Amino acid sequence: MLQLVQIELYKIFRKWRSYIGFIAIGVLGVIIQIAMLYEGQKSLDFMTQNLRDSFVFVGNLLNGFLVSYLILNMLTVHIPFLIALVAGDLLAGEATAGTYRILLTRPVSRFKVVSSKFIAGNIYTFSLILWLAIVSLGVGAILFGFGELIVIRTGSVLILDRADVLWRFLLAYGFAALGMSVVCSLALFFSSLVENAIGPIVSTMAVIIVFIIVSAINIDLFKSIRPYLFTNYMLSWRLFFSDPVDISKVLEAVLILFGHIIFLFSITAIIFKRKDILS
Amino acid sequence: MIIEDKVIEVRGLTKDFKEIRAVDSLSVNVYRGDVFGFLGPNGAGKSTTIRMLLTLIRPKEGSIKIFGKSLMEDRNDILKDIGAIIENPAFYNYLSAYKNLEILSRMSGREISSNKIMETLETVGLKERSASKVKTYSHGMKQRLGIAQALLHDPELIILDEPTTGLDPQGMKEIRDLINYLSKEKNKTIFLSSHILSEVEQVANRMIIINKGKTVVEGKVQELLDSAEMKVTIEVDDVEAAGQLIKDSGWAGKLLSINNNKMVFDVKTDEIALLNKYLVSNNISVSSIVPTRSLEEYFLKITNESN
């Protein structure tokens, strides 16, 4: 199995399209940070303008932690596309190229083949999030240094001590990776159904967009289905930037996302195992 | 008594694609050491059958045994000993030929060294281009790489689905030579699918012809072709006398044409000598007899009869 995963990773990282995500995150991450370097103080003043009447802010609030927090907020909505670009190609790409014929006539079970692709797809996803963390925190540290993290939400402001922030970021990136793993599983599921990689990419993004819209509309019908939509939990990494962290809510979100992953992978494995290879 | 060892034993194999029956209760036996020709016109069900033999497609009904084991139950064990080319060769175009083979070797269930990979590439004449990406290969080179991946793990059974498609005459000859070499020198069993009868005739010892997913005829290649009528061109000194003689005899129905000094007959192999004897005994000098087996006509005839 390890060998199959290595092979799948090799195939992923030998394709040009697999680096689009890294390039996009690298470029966007740096651009946002440079913009924050020049305009960040204005943005911070704007965000805190209502609070300045009641509070006096001292110290370096525009720092690498704040910038990383803002980048995580901005990019977790866009990263699904970059993941779908690769995960949607994992099975459908083999069908398009006709390589199913050489891959599935080897003495390896189809379950192992699809499992290795699932694992490799998730490793790619995690590496993308890791890269996001490196770009955000690494470049942030160089350009801004670190300090207290100010988290402003509707009706509340929380300032986290510098020493109390890094572990929250690590868990937040871990949670974001879990959320993106659902996206990877969804794209792999669509990839098992068709013979062209464009379909899974478009379908995955369509599902995410529809779910986000449904989550955002405040009518009773949508409210009742909202708890079942995985997109509702993709931004739950923000829970780690509360004090105290609501563990029960975090666990609920983790279980629901894991449930989605297991469900999507199981369906994909069943479909793939029974699939007639006609390409 | 010689007990022939069945390498492939297919019974009542059936496959439907929605309302179309692609393979219909097909039964096939392939014995150890056979070069088995699997013939049929386009759309006859050859590729569907081969895909079922390789577990790419699930049969609706029927059983497949390979090396005496059930394909459904011992799939991985069986596939370790099969090498196959299925229709057009497909590879990871963004990787080199060597890397493609390396990936496949790691999935073969056998230890295959890098030396063995290079040797196999050398066998098919691709050693010099082993580091080039497959996307730079011509169709013929890809076809040869397809053969390399089929031979890489030294399988007992080699399944070739239309291996000469798109090749030039030299490439076709190389494939035929390779099949003969693998069969005679390496004692491999070869299952060769083709829609070209002459291609099969040159290498196969046994064959089956299918049409619309059903068996039309099966047996030893030589016996089947001997039973087929062939065209014989006989050159005589006095074509007018010979023509009259034939028209007045029981051979009249076999005469196809008379042109210059040549008479063309449609006869079976064992009738050629009788026809020659009849002409000579009636004082007609025969200067040449050229038999031409009308393979395409034979093929068309029996596949049309099955329609």
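Four strands of chain B line up as an open sheet in the order β2-β1-β4-β5, paired in the antiparallel sense. Bear in mind as you look around that this is a predicted model. Beyond the sheet, this briefing visits a hairpin and the domains of chain B, the side of chain B that touches chain A, and a helix pair in chain A.

**The open sheet of chain B**

- The edges of the sheet belong to β2 (20-31) and β5 (69-70) of chain B; each has a single partner strand, so one side of each lacks a neighbour in the sheet.
- Strand β1 (residues 6-17) of chain B runs antiparallel to β2(B), and eight bridges join the two.
- If you would like a residue pair to look for, B:E9 stands opposite B:N29 in β2(B).
- Helix α1 (residues 46-53) of chain B packs on this sheet, where it touches β1, β2 and β4 (61-66) of chain B.
- The direction of α1 makes about 120 degrees with that of β1(B).
- In a regular strand, side chains alternate between the two faces of the sheet.

**A hairpin in chain B**

- Strands β9 (residues 206-211) and β10 (residues 214-220) of chain B pair in the antiparallel sense over six bridges.
- Two residues lie between β9(B) and β10(B) in this hairpin, and B:K212 in the turn has a positive phi of about 50 degrees.
- B:N211 has B:K214 in β10(B) as its bridge partner.

**Domains of chain B**

- Chain B is divided into domain 1 (6-226) and domain 2 (230-306).
- The centres of domain 1 and domain 2 of chain B, taken over C-alpha atoms, are separated by 39 Å.

**Where chain B meets chain A**

- On this interface, 24 residues of chain B are in contact with 19 residues of chain A.
- Both α2 (75-79) and α3 (97-106) of chain B supply at least two residues each to the side of chain B that touches chain A.
- The most comes from α3(B), with three residues.
- By class, that side of chain B has 14 nonpolar, six polar and four charged residues.

**A helix pair in chain A**

- Helix α8 (residues 166-193) and helix α11 (residues 247-274) of chain A pack at an angle of about 20 degrees, with their axes 9 Å apart.
- Because angles under 35 degrees count as roughly parallel, α8(A) is roughly parallel to α11(A).
- The crossing of α8(A) and α11(A) is left-handed.
- Residues of α8(A) in this contact include A:L178, A:V182 and A:F189, while those of α11(A) include A:L257, A:I261 and A:F272.
- The residues of the contact of α8(A) with α11(A) comprise 14 nonpolar, six polar and no charged.

Key. Residues numbered from 1 in each chain as written. Chains lettered and ligands numbered in written order. Predicted model: local features only at pLDDT ≥ 70, side-chain atom pairs only at ≥ 80, totals over all residues. Pairing = 2+ DSSP bridges. Domains from an automatic or database assignment. Contact = placed C-beta atoms within 7 Å. Nonpolar A, V, L, I, M, F, W, Y, C, P; charged D, E, K, R; others polar. Axes fitted to C-alpha atoms, helices over the stretch in contact; angles between N-to-C directions. Parallel < 35°, antiparallel > 145°, perpendicular 65-115°, else oblique. Left-handed = near helix turned anticlockwise from the far one by under 90°.
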